[in-house]
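This report looks at the cysteines and how they pair. The structure comes first, then the pairing.

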Amino acid sequence: MEAATVAAALGFLLLAGVGSSSVDEAREETVVRELVVRLLGPGPAADFLVSVERALATESGLDTYRLSGGGGARVRVRGSTGVAAAAGLHRYLRDFCGCQVAWSGSQLHLPQPLPVVPEELAETTPNRYRYYQNVCTQSYSFVWWDWARWEKEIDWMALNGINLALAWSGQEAIWQRVYLALGLTQSEINDYFTGPAFLAWGRMGNLHTWGGPLSRFWHLKQIYLQHRILDRMRSFGMIPVLPAFAGHVPKALTRVFPQINVTRLSSWGHFNCSYSCPYLLAPEDPVFPLIGSLFLWELNKEFGTNHIYGADTFNEMRPPSSQPSYLAAITTAVYEAMIAADPDAVWLLQGWLFQNEPQFWGPDQVKAVLRAVPLGRLLVLDLFAESKPVYSRTDSFHGQPFIWCMLHNFGGNHGLFGTLEAVNRGPEAARLFPNSTMIGSGIAPEGIGQNEVVYALMTELGWRKDPMPDLVAWVTGFAKRRYGISQGDAEEAWKLLLRSVYNCSGEACVGHNRSPLVKRPSLKINTTVWYNRSDVFEAWRLLLKAAPNLTTSSAFRYDLVDITRQAIQEMVSLYYEEVKISYRKKDLILLLQAGGILAYELLPVLDEMLATDKRFLLGSWLEQARAVAVSEAEAHFYEQNSLYQLTLWGPEGNILDYANKQLAGLVEDYYAPRWRLFLETLAGSLAQSVPFQQQQFDKNVFQLEKSFVLSKKRYSSQPQGDTVDLANKVFLKYYPRVVNGSL
């Protein structure tokens, strides 16, 4: 059987086995109707008639929805699954009512009477799966969520047609049961688990211990949360992906099984072996299938299963051998441990390893992994396909089915960024690739809640066979839906952003925010960008011009903070370049002038601007962490976990500023003090005619960074000031300098 046929057949079988009874249809129909009420309120919801009918699906099982009615009659939304019905509802709200569902604030002003669907509209997705999440999203964005926040996210997933998603909460509680059954002590288990903000990297075998331990209350809450997440996902007809054993084990297992065959891998992320250098079981060791099957049995006993499991053995970890025979053996061991507990198991693999270290993963090594699992039983995420696709250099993953994914965001960074043209064209190119085994598209950001235009496009493409024919027209419509009215200046602003920050290409194109603002200061920061900064400043001007008509829009106020934040970030880069030039010229006066504006004007005003919106507050971020705790000591512990992740990441700044955010409080007490110390040190070196010593500065500034993390300062979770008023003041003060070149 050809690879494409295998992939298509597998996808059909998986979906056919999920929610196929009339009971499941009724449950999905009920949960979509409840979603309509949550979204629109009881009154407007009564104008919609929702039904779930399996018969609407195509012969190959692809999701389909149908829309009809309106104009005084009820709008009828029919879908082959709950997800399809929710996606159909979203399509009607978006394209007929001009509404938008968004992280930053939904716009749901329904026209009355509801618009007519001229003739029944039928839509079938070309994608068997519409996937969501990255293992890292669980730590960078979801870590402190309660059920209320999860419920909103699952609603957003359903409305955007997502039917395949990770559901990894609570797994440490299951691992604890397994390890206790194997003979580990509670103390040994506590020493092994990372803290909540670093669980993603414990799960992928990169870290252990750092930021831990996990409390008994944490485990209980996560088990409860996972049950609710799974129940809601399944009620919509989604397929939750559960975790599986990837081969990493605690060191303490060598005490219980002295003869166990393990290899200690190298360290990761500049951590030493106190927190990294994981132990990996040899594939031939008899304990391997024992642990893998025990975990899945216990997991499925607690949560049930939809038969798709995620596991990443070598995520950013170099295997102990490059021999294809070894790589095939370890891959086979992971898969066989899965099917020992669940004969219908399918392995979902993040394909990041093949992209991250291409010098190790040559053709023979890649093929050894992909062919070690029966064709169709390994589902690969081409995780960074919008920028560095792997399918095109691996013969479509050697016949294994894959999902074309947009990664987009690293670390949950703020910063306007996107590759919209590549996103628009990429899925079609993958689908048309010779002998393509693509069976889905997906979004896999490390952190969410930013650059929503990128995610709006990608989720819409999940229901399209072809690219958007005109991105300029599309982004104009996006702006209109986002704010609820057609406003020319706002639409022109979005066109400028489309051609600049959202048109990332070339050598200067990077996904991480590497602005000097959020980096530890040095004289070697590269400020090159792929766009014309004048487009950002002009978009800023246009959004402010549009403000009088849009201030009631929550999404607009978010965008105004975000564009002002970006404009200040650009000015920080420009003044930083002035600082470097003045230092090289040994011009102390110019250095103090440029540095003074950067550190004593721009950063304080940025903090003040961010403080006007709850969504840009460090206090809001930490409030989520505190809410999970059952005591003040635990609340402080969780706050510290969060602060480490945002800044030092490890005890010694191991992955420094990787997860940088621009939040009120973080700018004032972390970024600004670093820049002030840097400028004072530069000025001192010029005044004393001695070279600037970066190594000594790094030691000194580390003390500031660590003091911030360890501080018990409480930050407000309530916004202060008026967004529009302050944005205007900042604009009037700095925009003339930018356009006149008089920094």
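Counted along the chain, the bonded cysteines of this predicted model pair in the pattern 1-2, 3-4. Cys 97 takes no part in a disulfide. Its nearest cysteine sulfur belongs to Cys 99, 5.1 Å away. A disulfide here needs sulfur atoms within 2.5 Å, so that pair does not qualify. Cys 97 is buried, at 9% relative accessible area.

Cys 136 is also without a partner. The closest cysteine sulfur, in Cys 405, lies 13 Å from that of Cys 136, which is too far for a bond. Cys 136 is buried as well, with 6% relative accessibility.

The cut-off of 2.5 Å yields two disulfides. They are set out below.

| Disulfide | Sulfur separation | S-S torsion |
|---|---|---|
| Cys 273 and Cys 277 | 2.0 Å | about -65° |
| Cys 504 and Cys 509 | 1.8 Å | about 125° |

Which hand does each bond take? The torsion of about -65° makes the disulfide of Cys 273 and Cys 277 left-handed. The bond of Cys 504 and Cys 509 has a torsion of about 125°, so this disulfide is right-handed.

Burial differs within each pair. Cys 273 is partly exposed, at 35% relative accessible area, whereas Cys 277 is buried, at 3%. In the other disulfide, Cys 504 is buried at 8% relative accessibility, while Cys 509 is partly exposed at 22%. The value for Cys 509 is not under 20%, so Cys 509 does not count as buried.

Conventions:
Residues numbered from 1 in each chain as written. Predicted model: local features only at pLDDT ≥ 70, side-chain atom pairs only at ≥ 80, totals over all residues. Heavy atoms only, no water. Buried < 20%, exposed > 50% of the residue type's maximum accessible area, 1.4 Å probe, protein only.
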